Amino acid sequence: MIWVSREALPPDSMKPNDTRTIQEQLDEAKKLLEEKQTAYMHAFASGNLQDISKHRKEVFSLTRQIGQLVKYKLQTGAK
């Protein structure tokens, strides 16, 4: 049995049939992150605790996804 560290695996969002390049995925995730951060700031300003929680989770998830994509790109030299 061969053990592969989790760090060597591509991010969960990357699927074998995904034809987009890593850079395209990064650009899309960054654009979505900007939108979610804006929504989080608006929810924070309005004091809506349910929306704050929802948007904070989305921002965290996207930030993590971007980090995984960057790490994968650096490790593999993928485009």
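In what follows, a contact means heavy atoms within 4.5 Å. The model is a predicted one, in which local features need pLDDT of at least 70 and side-chain atom pairs count only at pLDDT 80 or more, while totals for chains, interfaces and linings use all residues. Residues are numbered from 1 along each chain as its sequence is written, and side-chain values use heavy atoms, with hydrogens and water left out.

**Exercise 1. Place His55 in the structure and state which residues it touches, not counting residues up to four places away in sequence.**

Begin with the secondary structure: the protein has two helices and zero strands, where helices (H or I, at least four residues) and strands (E, at least two) are DSSP runs numbered from the N terminus. His55 belongs to helix H2.
Next, consider its accessibility, for which buried means under 20% relative accessible area, exposed over 50%, and partly exposed in between, with a 1.4 Å probe and protein chains only. With a relative accessible area of 11%, His55 is buried.
Finally, leaving out residues up to four places away in sequence, His55 touches Lys36, Ala39, Tyr40 and Ala43. Under the same exclusion, Val59 touches Leu33, Lys36, Gln37 and Tyr40.

**Exercise 2. Find the aromatic pair in the structure and decide whether it is stacked, edge-to-face or tilted.**

The criterion comes before the search: rings of Phe, Tyr and Trp (its six-membered ring) pair if their centres lie within 6.5 Å, and planes under 30 degrees apart count as stacked, over 60 as edge-to-face and the rest as tilted. Searching the whole structure gives one such pair. The ring centres of Tyr40 and Phe44 are 6.2 Å apart and the planes stand at 40°, so the pair is tilted.
As for its setting, Tyr40 and Phe44 are four residues apart in helix H1 (residues 22-46), and are therefore separated by about one helical turn. Tyr40 is partly exposed at 23% relative accessibility, whereas Phe44 is exposed at 56%.

**Exercise 3. List the salt bridges in the whole structure, and work out which parts Lys36 and Glu58 tie together.**

Side chains of opposite charge can pair when their charged atoms come close. Here a salt bridge is a side-chain nitrogen of Lys or Arg within 4 Å of a carboxyl oxygen of Asp or Glu, and the search finds two.
One of them joins Glu28 to Arg20, with the closest N and O atoms 2.5 Å apart; Glu28 is partly exposed at 48% relative accessibility, and Arg20 is partly exposed at 33%.
Another joins Lys36 to Glu58, where the closest N and O atoms are 3.6 Å apart. Because Lys36 lies in helix H1 and Glu58 in helix H2 (residues 49-76), this pair ties together parts that are 22 residues apart in sequence. Lys36 is partly exposed, with a relative accessible area of 24%, and Glu58 is also partly exposed, at 24%.

**Exercise 4. Identify the residues of the largest nonpolar core, and say which helix gives the most to this core.**

A nonpolar core is a set of buried Ala, Val, Leu, Ile, Met, Phe, Trp, Tyr and Cys residues joined through side-chain atoms within 4.5 Å. The largest has nine residues, namely Ile22, Leu26, Ala29, Leu33, Val59, Leu62, Ile66, Leu69 and Tyr72. Both H1 and H2 give two or more residues to this core, and H2 gives the most, with five.
For the protein as a whole, buried residues make up 19% of the 79 residues.
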